Amino acid sequence: MHGNIWVVQNPQGSAQSMALVIRFQLRPSVSITINELGESSDQPCSNSLFKGLQVLLADDDDLNRAVTRKLLEKLGCSVSAVTSGFECLTSIGPASSPFQIVILELQMPELDGFEVAMRIRKFRSRNWPLIVAMTASADDDTWERCSQIGINGVIRKPVLLQGIAIELRKVLMQANKV
Amino acid sequence: MDLVQLQRQFVDYRTSLYHEGFLDEQFTQLQELQDENNPDFVVEVVSLFFEDSERLLNELARALEQQSIDYKRIDAHVHQLKGSSSSIGAQRVQKVCIAFRNYCEEQNVEGCLKCLQQVRHEYSLVKTKLESLFQLEQQILTAGGSIPM
């Protein structure tokens, strides 16, 4: 990796500090072409970004949950769905979670998406799992509030395949840069 | 009627539903999500929509009959109805819901009652039309044909 490593020795001859420099090459960005039918173009790996992605979907509305789940599966994601904020927190658990992304409806009864996200960020790291909110609200306030809590992206409802794909790709790309 | 005629009738009928604003691109997306693994996806989701809507419409009627009207509760129900109708592409139902929510915010009982009547009407229209569409589909499948995309 064209790196360098050196050791600074103290007067006794043992290592006082060590430095390690590694050069990484920037990968070209993954381009995903999704035509109107929602199918990937002739690039065989064009949806490899989503293939096998472990997603936890939380939405109390049966209909919306069924549709969003199907959209995610169409992209290639592996989806687990829950119907409440509480179930969502339980599924993530205190230990290492199998989910890479949590997709979370903001307006849920009892425990809403904002609360769930706050608790996830409180007890787990800043970027794992990634959290993407779903909401019918269009305003900047919502995005502002999401951003402050540590939510990584927002998808507008009603959900369209392209909408999910674009936002998920953006969120995954940003996470890779960290 | 032979298969080709049936299929043509189906396509014409479906196109008219889009033209008249009963359905929008969300419905198209639902159809595209249907595949061999989920051959009844559209019917299942639409059935959910019928169940949800009927329950919500009853709740709304009840809530608007109360002596002291709970507008927050009404708004919550309309928000749900707006959400599910937009998810399946029932555009006209969704539009009435938007007006309905505005009246809720104004706490305008007459406006709300008017919207309830309208949304009931639009719901019953789209329900009838979707049922007719599914019936046509069934006829095509029974005749051994495939559903035109």
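These legends walk through several close-up views of a predicted model with chains A and B.

**Figure 1. Chain B is built from helices, with no strands.**
Let us begin with chain B by itself. Chain B has six helices and zero strands. Following the sequence from start to end, you read the pattern α-α-α-α-α-α. Taken along the principal axes, the C-alpha atoms of chain B fill a box of roughly 55 × 30 × 20 Å.

**Figure 2. Chain B meets chain A through 20 of its residues.**
Here we look at where the two chains touch. On the other side of the contact, chain A contributes 17 residues. Together the chains bury an area of about 1,600 Å² between them, and carbon and sulfur atoms give 59% of it. In chain B, the residues that lose the most area to chain A are Gln29(B), Glu32(B) and Leu33(B), which together make up 32% of what that side buries.

**Figure 3. Polar contacts and a salt bridge link chain B and chain A.**
How many residue pairs are in polar contact between chain B and chain A? The count is seven residue pairs, with both residues at pLDDT 80 or more. Helix 2 (25-33), helix 3 (41-65) and helix 4 (71-88) of chain B each give two or more residues to the side that touches chain A. Helix 4 of chain B gives the most, with seven residues. By class, this side of chain B has seven nonpolar, nine polar and four charged residues. The count of salt bridges between the two chains is one. Its partners are Asp35(B) and Lys70(A), whose closest N and O atoms are 3.5 Å apart. Side chains of opposite charge can pair when their charged atoms come close.

**Figure 4. The largest pocket has residues of both chains close to its centre.**
About 660 Å³ of space lies in this pocket. Its lining has 32 residues, and the closest to the centre are Glu105(A), Gln107(A), Ala76(B), His79(B) and Gln80(B). Which helices supply at least two residues each to the lining? They are helix 4 (140-149) of chain A, together with helix 4 and helix 5 (91-106) of chain B. Helix 4 of chain B gives the most to this lining, with nine residues. If you sort the lining by class, you find eight nonpolar, 11 polar and 13 charged residues.

**Figure 5. The largest cavity is lined by residues of chain A and chain B.**
Now we turn from the pocket to a cavity. The model has one cavity of 30 Å³ or more, and about 50 Å³ of space lies in the largest cavity. From chain A, the lining includes Asn64(A), Val67(A), Thr68(A), Lys157(A), Pro158(A) and Val159(A). From chain B, Gln26(B) and Ser87(B) take part. Helix 1 (residues 62-75) of chain A provides the largest share, three residues. The lining divides into three nonpolar, four polar and one charged residue.

**Figure 6. A salt bridge joins Glu73(A) and Arg69(A) within helix 1 of chain A.**
Over all chains, the model has 13 salt bridges. In the one shown here, the side chains of Glu73(A) and Arg69(A) meet with an N to O distance of 3.0 Å. How far apart in helix 1 of chain A are Glu73(A) and Arg69(A)? They are four residues apart, about one turn of the helix.

**Figure 7. Two loops of chain A hold backbone details to look for.**
The peptide bond from Lys157(A) to Pro158(A) is cis, with omega near 0°. Pro158(A) sits in the loop between strand 7 (153-156) and helix 5 (161-177) of chain A. Both Lys157(A) and Pro158(A) also appear in the lining of the largest cavity. The other detail is at Glu110(A), which has a positive phi of about 70° although it is not a glycine. You can find Glu110(A) in the loop between strand 5 (101-105) and helix 3 (113-123) of chain A.

Methods
Residues are numbered from 1 along each chain as its sequence is written. Chains are lettered from A and ligands numbered from 1 in the order in which they are written. Side-chain values use heavy atoms; hydrogens and water are left out. Contact means heavy atoms within 4.5 Å. Buried area is the accessible area (1.4 Å probe) that two parts lose on being put together, summed over both. A salt bridge is a side-chain nitrogen of Lys or Arg within 4 Å of a carboxyl oxygen of Asp or Glu. A polar contact is a pair of N or O atoms within 3.5 Å; within protein, one must be able to donate a hydrogen and the other to accept it, and residues adjacent in sequence count only if both atoms are side-chain atoms. Ala, Val, Leu, Ile, Met, Phe, Trp, Tyr, Cys and Pro count as nonpolar, Asp, Glu, Lys and Arg as charged, and the others, Gly among them, as polar. On a 1 Å grid over the protein atoms alone, a cavity is a set of points where a 1.4 Å probe fits but cannot get out, and a pocket is an open set with protein on both sides within 12 Å along at least five of seven lines; lining residues have an atom within 4 Å of a point. Grid points are joined across faces, edges and corners, and a volume is the space filled by probe spheres set on the points.
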